[in-house]
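Hi,

Here is the structure I said I would pass on. Have a look at it first, and my notes on what turned up follow below.

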Amino acid sequence: MLRPLPFPGRKRIVADAGAICLALSAPSSDNFTMSGSPGISSLESMRAEKRTAAGNSVIAAVVITGLKILVGFTTGSLGILSEAAHSGLDLIAALITFFSVGVSDKPADADHQYGHGKVENFSAFVETGLLLLTCGWIIYEAGLRLFFRHIEIEPSLAAFAVMVFSMGVDWWRSRALGRIANKYDSQALEADALHFSTDIWSAGVVILGLVLVMVGRTYHVDWLRDSDPIAALFVAGVVVSVSWRLARRTVDALLDAAPPGVRAKIQDAVSRVDGVLEVDRVRIRRAGNRYFADLTVGLARTVTFQRSRQLAAAVTEAVRHVLPDADVTVQPQPRAQHSENIFDRVRAVATDRNLNVHDISVQDIAGQLQVEQHIELDERMTLKEAHDQVTELEADMRRDLPEISGILTHIESEPATIETPEELVSDSELEHRLRAVAAQFPEILDVHEFVFKRVRGRLFVSCHCTLSDDLSLTRVHDVQTELEIRFKQDAPELFRVLIHPEPSTDNRR
């Protein structure tokens, strides 16, 4: 039976979850390999800014820690010593941050497929632990000074100068670190910025404690002499509060906890993508400043591989509206739709076995459905191999479509080799005869571009046929089929006839 010329690669492939996993990753600068490309330039700029901010933080921490230790011992102030210990741990944290930001921005490799971003999360976790340890020591020492031993504080101008100086430096570096942390979503730099912003308040409390000690000594108010350890306790409380919030975030990142509410937003955004039937699973994890999202979505089982890729791209864009620049993996799952007709269901069973059926016909004979279909199989198969495949296919169809009482399958050979014509034939007399045959069809407006060729000793002919624009495809097929039959009746030497139909408004002669 003659049919319209199929396009190349006509075999349909259904997106099967067992066979297809479309991984669509966000374009990142790590994926650019061309020297001097904008991606590499942007990546190098980010690394340079982060390392510069972290390096400046280390230098500032060294200077402030040294000054606080010096005036802390000279004055005997627990508040200043607690600040010195706090700054000392800040120095360690700053060093950790400096090295972590250098590692975290390295691209993914064979051993770290998700990149090295977790280094920043781990760095922030270590910094938080150090802060909490510092608070424990401050609370212990403050308790001793309040209840068990009294230490005379000797406030000095140098002590006040150092604390005011440290507040200024902490304000400067917390703003600088915070700006870079927000720009590149860096938890390690954010932890550093958080430390130094709390240092401003804690230093202010220590200054207040020293002032109250001086007031108590001047006016002989004994209870004001305990202001220094009380100020130290207040510093510890502020640091514990801030550190606890940061600890929860870093632990969540290390344990791959999804950001609150983000999963629901992604499900809602993806469910609105036209063609997505359901959202089966959404998993989100974070590594440094990068989010990774894995989704399983239900698609119609009749969707082709090409269409499933388009839908996966649309799902990826929907996810990135919620998590910009996320690395998204979409896994489609085939689903049967209630709107499927019997023809769709027959094709779905065939494509599930990666087989191509066409010319499907369904007849209702005395209340029983009979299916007739054509199937294309590799021409190199034997009859028994082909028949076995058809038998298994028909068994699957009877199982999935119990309303079918009978199936008749016509087996066709699908070309598996590229043929080389032996010669192109010029036969004006045969072409004239065929044109005369075509002229007998009132629907045919014109025939042209006849090509004759011999393949393996057999004569092949192809031509273009012009028909009315509004002719139904069913009638076009009938005309083609009848014309093929008439061609072969008039010229029995023809082995194969291929006719390409064209509308009158697009007659490409």
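Which residues are linked with Arg-353 in a network of salt bridges? They are Glu-392, Asp-396, Arg-399 and Asp-400. (A salt bridge here is a side-chain nitrogen of Lys or Arg within 4 Å of a carboxyl oxygen of Asp or Glu.)

Before the rest, some housekeeping. This is a predicted model, where local features need pLDDT of at least 70 and side-chain atom pairs count only at pLDDT 80 or more, while totals for chains, interfaces and linings use all residues. Residues are numbered from 1 along each chain as its sequence is written, and side-chain values use heavy atoms, with hydrogens and water left out. Helices (H or I, at least four residues) and strands (E, at least two) are DSSP runs, numbered from the N terminus. For accessibility, buried means under 20% relative accessible area, exposed means over 50%, and partly exposed is in between (1.4 Å probe, protein chains only).

**Salt bridges**

Searching the whole structure gives 17 salt bridges. In the network, Arg-353 and Asp-396 meet through their side chains at 2.4 Å, N to O. Arg-353 sits in the loop between helix 9 and strand 5 (356-365), and Asp-396 is in helix 10, so this pair ties together parts that are 43 residues apart in sequence. Asp-396 counts as buried, at 13% relative accessibility, whereas Arg-353 is partly exposed at 35%.

Another one to look at is Arg-345 with Glu-403, whose closest N and O atoms are 2.6 Å apart. This pair also links distant parts of the chain: Arg-345 belongs to helix 9 (residues 342-352), and Glu-403 to the loop between helix 10 (383-400) and strand 7 (404-414), 58 residues apart. Both ends are partly exposed, Arg-345 at 22% relative accessibility and Glu-403 at 35%.

Then there is a salt bridge within helix 11, between Glu-429 and Arg-433, with the closest N and O atoms 3.3 Å apart. These two are four residues apart in the helix and therefore separated by about one helical turn. As a reminder, an α-helix has 3.6 residues a turn, so residues three or four places apart point the same way. Glu-429 is partly exposed at 47% relative accessibility, and so is Arg-433, with a relative accessible area of 24%.

**The sheet and its helices**

Four strands make an open sheet in the order 8-9-10-11, with mixed pairing (two strands pair if DSSP finds at least two bridges between them). Strand 8 (423-425) and strand 11 are at the edges with a single partner strand each, so one side of each has no neighbour in the sheet. On average, neighbouring strands are turned by 25 degrees against each other, direction ignored. Strand 8 pairs with strand 9 in the antiparallel sense over three bridges, and Val-425 stands opposite Phe-452 in strand 9.

Helix 11 lies across strands 9, 10 and 11, at about 135 degrees to strand 9. Helix 12 packs on the sheet too, touching strand 9, strand 10 and strand 11, and its direction makes about 145 degrees with that of strand 11. (Contact means heavy atoms within 4.5 Å; axes are lines fitted to C-alpha atoms, for helices over the stretch in contact, and angles run from 0 to 180 degrees between N-to-C directions.)

Which residues of helix 11 (residues 428-438) are buried? They are Leu-430, Leu-434, Val-437 and Ala-438. Seen down the helix axis, they fall within an arc of 95 degrees, so they line one face of the helix (the arc is that of the directions from the axis to the C-beta atoms). These buried residues pack against strand 9 (446-455), strand 10 (458-467), helix 12 (473-490) and strand 11 (494-503). Ser-428 and His-432, on the other side of helix 11, are exposed.

**Aromatic rings**

The whole structure has three aromatic pairs (rings of Phe, Tyr and Trp, for Trp its six-membered ring, with centres within 6.5 Å; planes under 30 degrees apart count as stacked, over 60 as edge-to-face and the rest as tilted). Phe-450 and Phe-452 have ring centres 6.2 Å apart and planes at 10 degrees, so this pair is stacked. Phe-450 also pairs with Phe-487, this time tilted, at 6.5 Å centre to centre and 50 degrees between the planes. Phe-450 is in strand 9 and Phe-487 in helix 12, so the pair ties together parts that are 37 residues apart in sequence. Phe-450, Phe-452 and Phe-487 form one aromatic cluster. Each counts as buried: Phe-450 at 11% relative accessibility, Phe-452 at 4% and Phe-487 at 0%.

Cheers
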